[in-house]
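I opened this notebook to record what I looked up in one structure, entry by entry. I begin with a single pairing and work outward from there.

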Amino acid sequence: MRIILASASPRRRELLARLGMDFEVIPSKGEEVITKEIPAEIVTELAVQKAQAVAKLLKDGAEEDILLIGADTIVVNEGEILGKPADEADACRMLRALSGRIHQVYTGVCLIYRCRDEERTHTFYEKTDVDFFR
């Protein structure tokens with residue numbers, strides 16, 4: 001089976017490699033559009049978009065079995081979703097805001113399994129409370 005990670009994340013690559021999986025990386029180049037407001041729904045929506053963007057790049061009806069893995073992660077602090085820091089000063093500001101508090105990390109995953117003419121999609125998310133000590 002051909003396993004494809006639809007992400008350029010070094011951490012996701014490392015996790016799959018640690019599992020001993022033989023996989024290739026095809027990062028999603030699609031535009032991320034957020035239409036949801038609930039963190040669990042946001043990360044699931046973004047993971048689906050990544051996996052579907054790469055699925056469109058692949059030839060329909062390919063003879064090989066394919067498993068596409070799309071994922072996205074967000075950090076939520078006191079109800080505010082923290083995006084990627086704009087620069088080093090912004091990163092420091094975010095770390096100070098998280099320091100001494102418990103925040104949430106949400107990761108959404110989308111698996112698209114394609115076998116000949118059949119395609120199945122499975123999505124899920126995990127939420128982790130992180131205690132960020134000073």
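Entry 1, the short strands. I looked first at Leu-5 and found that it stands opposite Val-25 in strand S2. The model I am reading is a predicted one, and I keep that in mind for each value below. Strand S1, residues 2–5, and strand S2, residues 24–25, run parallel and are joined by two bridges. I then followed S1 to another neighbour, strand S3, with which S1 also runs parallel, this time over four bridges. On that side Leu-5 stands opposite Ile-69 in S3.

Entry 2, the chain as a whole. I stepped back to the overall layout, and I noted three helices and six strands in the protein chain, whose elements run β-α-β-α-β-β-α-β-β from the N terminus on. The C-alpha trace spans about 55 × 35 × 25 Å along its principal axes. Of the 134 residues, 35% count as buried, and the accessible surface comes to about 8,700 Å², with 51% of that surface belonging to carbon and sulfur atoms. I also looked up how far apart in sequence the contacting residues are: among contacts with a separation of 6 or more, 59% are between residues 24 or more positions apart. For the charges, I noted 19 positive and 24 negative ones, whose mean positions are 3 Å apart.

Entry 3, the antiparallel strands. I traced S3 onward to strand S5, and the two pair in the antiparallel sense over 11 bridges; within this pairing I marked Val-75, which stands opposite Val-105 in S5. S5 in turn pairs with strand S6, residues 118–132, again in the antiparallel sense, over 15 bridges. Two of the positions I marked between S5 and S6 are Arg-101, which stands opposite Phe-132, and Tyr-113, whose bridge partner in S6 is Arg-120. The hairpin of S5 and S6 has two residues between the strands, and there Arg-116 takes a positive phi near 50°.

Entry 4, the nonpolar core. Which residues have the most contacts inside the largest nonpolar core? I found a core of 13 residues, in which those with the most contacts are Ile-4, Val-54, Leu-58, Leu-68, Cys-110 and Ile-112. Helix H2 (39–57), S3 and S5 (101–115) each supply at least two residues of this core, and H2 gives the most, with five. In soluble globular proteins, nonpolar side chains tend to be buried together. I then took Leu-68 by itself and listed what it touches, leaving out residues up to four places away in sequence: Ile-4, Ala-51, Val-54, Ala-55, Leu-58, Cys-110, Leu-111 and Ile-112.

Entry 5, Glu-119. I turned next to Glu-119, which lies in strand S6. Is this residue buried or partly exposed? I count Glu-119 as partly exposed because its relative accessible area is 44%, which falls between the 20% and 50% limits. Leaving out residues up to four places away in sequence, Glu-119 touches Ile-112, Tyr-113 and Arg-114. I also looked up Glu-119 against Ile-66, and their C-alpha atoms are 9.4 Å apart in space, although the two are 53 residues apart in sequence.

Entry 6, two glutamates in loops. Where does Glu-78 lie? I found Glu-78 in the loop between strand S3 (66–77) and strand S4 (80–82), and I noted that it has a positive phi of about 50° although it is not a glycine. Glu-78 counts as exposed because its relative accessible area of 63% is over the 50% limit. I then looked up Glu-37, which lies in the loop between S2 and H2. At 72% relative accessibility, Glu-37 counts as exposed. Glu-37 and Ile-81 are 44 residues apart in sequence, and I noted a C-alpha to C-alpha distance of 9.8 Å between them.

Key:
Residues numbered from 1 in each chain as written. Predicted model: local features only at pLDDT ≥ 70, side-chain atom pairs only at ≥ 80, totals over all residues. Heavy atoms only, no water. Buried < 20%, exposed > 50% of the residue type's maximum accessible area, 1.4 Å probe, protein only. Core = buried A, V, L, I, M, F, W, Y, C linked by side-chain atoms within 4.5 Å. Contact = heavy atoms within 4.5 Å. Areas by Shrake-Rupley, 256 points an atom, 1.4 Å probe, with all protein chains shown as cover. Lys, Arg positive; Asp, Glu negative; His and termini not counted. Charge placed at Lys NZ, Arg CZ, Asp CG, Glu CD. Pairing = 2+ DSSP bridges.
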